[in-house]
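Look at the strands of this model and how they pair. Then follow one residue and its neighbours.

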Amino acid sequence: MLATALLGSAVAQTAPKPSSPPLVIRFLDVGQGDAVLITAPTGETILYDGGRSEAKMRELVRQFNITRVDLVAASHMDADHITGLVPAVALFKPKYFLNNGIAATTQIFQKLLNVTALAKTQGMKATGQTLNLGTVKVRVLAPPAGMPVNEQNVNSIGLMVEYGGFKALMTGDSEAPQTNAWLKQFGGQAFGPVDVYKSIHHGAANGDTRSWLAAVRPQNVVISVGPNNYGHPTQSALDLYRSTGATTWRTDLQGTVTVTVQSDGRYQVSTEFGTVGPQRPPLSRPGKAPITTPITPNPPTVTPTPSLDVYYANCDAVRAAGKSPLLRGQPGYRAGLDRDGDGRACE
């Protein structure tokens, strides 16, 4: 009995402490589109893109019991990336809307602006800032200088998520001119090796390149794709990912792909339809070079994002255009026109 008591005491003394919640990154199955839900151990949540369907996003909110979104981010303003952000903003009223500052002419873009205004969600233009979610660092890759402002793809915003030695990278629908510019701006050592990487543009032929992937050096590639007439993912992209030795995951075949990351960087990839990968340590990165772009203090300075396409010199110009009152988030809104700061300019 004494031995049993001692054994019981030893077990009690050596029992592991409860581990902290993991970082969870879900590459949501939204069909042909992108949507990535990033949930920090401390509960803060970022929704990076929302797919092309409002109904699908509402379904995913119920499926994954999503109760909180603190920031929505649009990699760029194409419909297959921003449509699902509309119900997300309406439901959760996130504090910030991270975007590339380039207005689109589509109805869904205008709808997104309207719902962010109603939710009092503040625009935040990507400038290379870092977002702190507790000990999770989310580095924002702003579109490099010199990209044509009338082309959304090459002005995609990228996110680099870092936690306990683990790194995940996603860059919207970037194309070679943009990734080449990033390589020139930061140097290849700033990016890889990356544990989990979201393929560019659903595996399009004009997305990932050999030189870019040589810098990223992905261990896992997640392709967010659904039924489509574009031929995504292309065979050339699949061959490219295979040549890197990465494990490839696809939302059209495996459903939502979930990456669970522990505080020491160990991670595991699982899928909605039952595939579970091995638990892996984070990749070794001896001598890695950090991204050297100056980083704004956290929380970043937040200013409403003005449209680059519309500018009103004063309220007379707003009224002459029939846009009064001009709501925060609408094209042409700026703080200088909003004297009382209530989000309604030139009332």
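L98 in strand β5 has M124 in β6 as its bridge partner. The model is predicted. The pairing of β5 with β6 (residues 122–125) is parallel and spans 4 bridges. Between these two strands the chain passes through helix α5, residues 107–118. This β-α-β crossover is right-handed.

β5 also pairs with β4, residues 71–73. Here 3 bridges join the strands, and they too run parallel. L71 stands opposite Y96 of β5.

How are the faces of β5 covered? In a regular strand, side chains alternate between the two faces of the sheet. In β5 (residues 96–99), Y96 and L98 lie on one side. F97 and N99 lie on the other. All four are buried, and both faces of the strand are covered. Y96 is thus a residue with two roles in this account: it sits opposite L71 and is buried on the side that also holds L98.

Now turn to another strand. V221 belongs to β12, which covers residues 218–223. Is V221 buried or exposed? Its relative accessible area is 0%, so V221 is buried. Which residues does V221 touch, leaving aside those up to four places away in sequence? On one stretch of the sequence there are Y197 and S199. The others are Y241, A246, T247, T248 and W249. I200 is 21 residues from V221 in sequence. In space, the C-alpha atoms of V221 and I200 are 9.8 Å apart.

How values were computed: Residues are numbered from 1 along each chain as its sequence is written. This is a predicted model: local features need pLDDT of at least 70, side-chain atom pairs count only at pLDDT 80 or more; totals for chains, interfaces and linings use all residues. Side-chain values use heavy atoms; hydrogens and water are left out. Buried means under 20% relative accessible area, exposed over 50%, partly exposed in between (1.4 Å probe, protein chains only). Contact means heavy atoms within 4.5 Å. Two strands pair if DSSP finds at least two bridges between them. A crossover is right-handed if, with the strands pointing away from the viewer, the path from the first strand over the helix to the second runs clockwise.
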